[in-house]
Amino acid sequence: MAKSAKYRSIARLYDILDLPFEYARYRPLRPKIWIGLTGRILDAGVGTGRNMAYYPEGAEMVGIDLSAAMLRRAAARKQRTATEVELVEGDIIATSFPDNTFDAVVATFLFCVLAPELQSPALVELARVCKPGGEIRILEYAISGNPIRRFIMRLWAPWVRFAYGAAFDRKTERYLPTAGLRLIETRYLHGDIIKLLITRHA
Ligand SMILES: C[S@@+](CC[C@H](N)C(=O)[O-])C[C@H]1O[C@@H](n2cnc3c(N)ncnc32)[C@H](O)[C@@H]1O
């Protein structure tokens, strides 16, 4: 199923389905993703706007998403957010933003829903719209090194693929060089299963 159709069908339930994970895992780590970022910032794959409460004060935020249904929920959340945010419907593989539009780009749980063949094109596009020297931060899942945790993740994987079109093991860092990006740091924000990749133009 195409990603826009998948997220159209789950948009209504997305925040409810994700609620236990949002509270237990994502809420504590979301503020850390944005530390130190300023200026015009792209939230790539903004979804229902779960990052909005943590956007840096004074930043000029733009959120893009493929799914109009997810964006409708983001628009509702925007009403309750202090920071100004512009929402755009579009595919991250080919956006209409001019080169070097953003001081920084952040993508949380976007690359885990992008198939392997879309990882490079998406990174190339993020690199194009981000100014040289700006950071591109990517929050992703990783498969745990702990055998029990790894086993549980393997049990969950079919549901995650079915419900979100996502996978835990996209290994996005492998594709960074193809987009002319350099990995500055990998920061684990929840055990060894959620990592923030901090990247820049090589
Ligand atoms: C798992 S959700 C994450 C949402 C949000 N970033 C968060 O942290 O809660 C993935 C989002 O990426 C969007 N998406 C998937 N493929 C996309 C693409 N090619 N371009 C833009 N957005 C896309 C989906 O519509 C969905 O809203």
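1. Overall size. A compact globule of 202 residues would have a radius of gyration near 17 Å; the protein has 16 Å, so the two agree. The model is predicted. Its C-alpha trace spans about 45 × 35 × 30 Å along the principal axes. Of the 202 residues, 35% count as buried.

2. Elements and contacts. The protein has five helices and seven strands. Along the sequence they follow the pattern α-α-β-β-α-β-β-α-β-α-β-β. Among contacts with a separation of 6 or more, 68% join residues 24 or more positions apart.

3. The sheet. Seven strands form an open sheet with mixed pairing, in the order β3-β2-β1-β4-β5-β7-β6. β3 (85–89) and β6 (181–190) are the edge strands, and each pairs on one side only. Neighbouring strands are turned by 20° against each other on average, direction ignored.

4. The β6 edge. β6 pairs with β7 (residues 194–201) in the antiparallel sense, over eight bridges. One residue pair can be checked by eye: R182 has R200 of β7 as its bridge partner.

5. Helices on the sheet. Helix α2 (residues 19–33) lies across four strands: β4 (102–108), β5 (130–141), β6 and β7. The helix runs at about 140° to β6. Helix α3 (residues 68–78) also packs on the sheet, where it touches β2 (60–65) and β3. The direction of α3 makes about 170° with that of β3.

6. The ligand shell. Which residues come nearest to the ligand? They are G45, G47, S67, I92 and T108, out of 20 residues around it. Two elements, α1 (3–17) and β2, give two or more residues to the shell. By class, the shell has eleven nonpolar, five polar and four charged residues.

7. A163. This residue lies in helix α5 (residues 147–164). Is A163 buried, partly exposed or exposed? It counts as partly exposed, because it has 15 C-beta neighbours inside 10 Å, while a buried residue needs 20 or more and an exposed one has 12 or fewer. Leaving out residues up to four places away in sequence, A163 touches I10 and L17. A163 and A104 are 59 residues apart in sequence, and their C-alpha atoms are 30 Å apart in space.

Key: Residues numbered from 1 in each chain as written. Predicted model: local features only at pLDDT ≥ 70, side-chain atom pairs only at ≥ 80, totals over all residues. Pairing = 2+ DSSP bridges. Axes fitted to C-alpha atoms, helices over the stretch in contact; angles between N-to-C directions. Contact = placed C-beta atoms within 7 Å. Near = placed C-beta within 6 Å. Nonpolar A, V, L, I, M, F, W, Y, C, P; charged D, E, K, R; others polar. Rg over C-alpha atoms; globule rule 2.2 N^0.38 Å.
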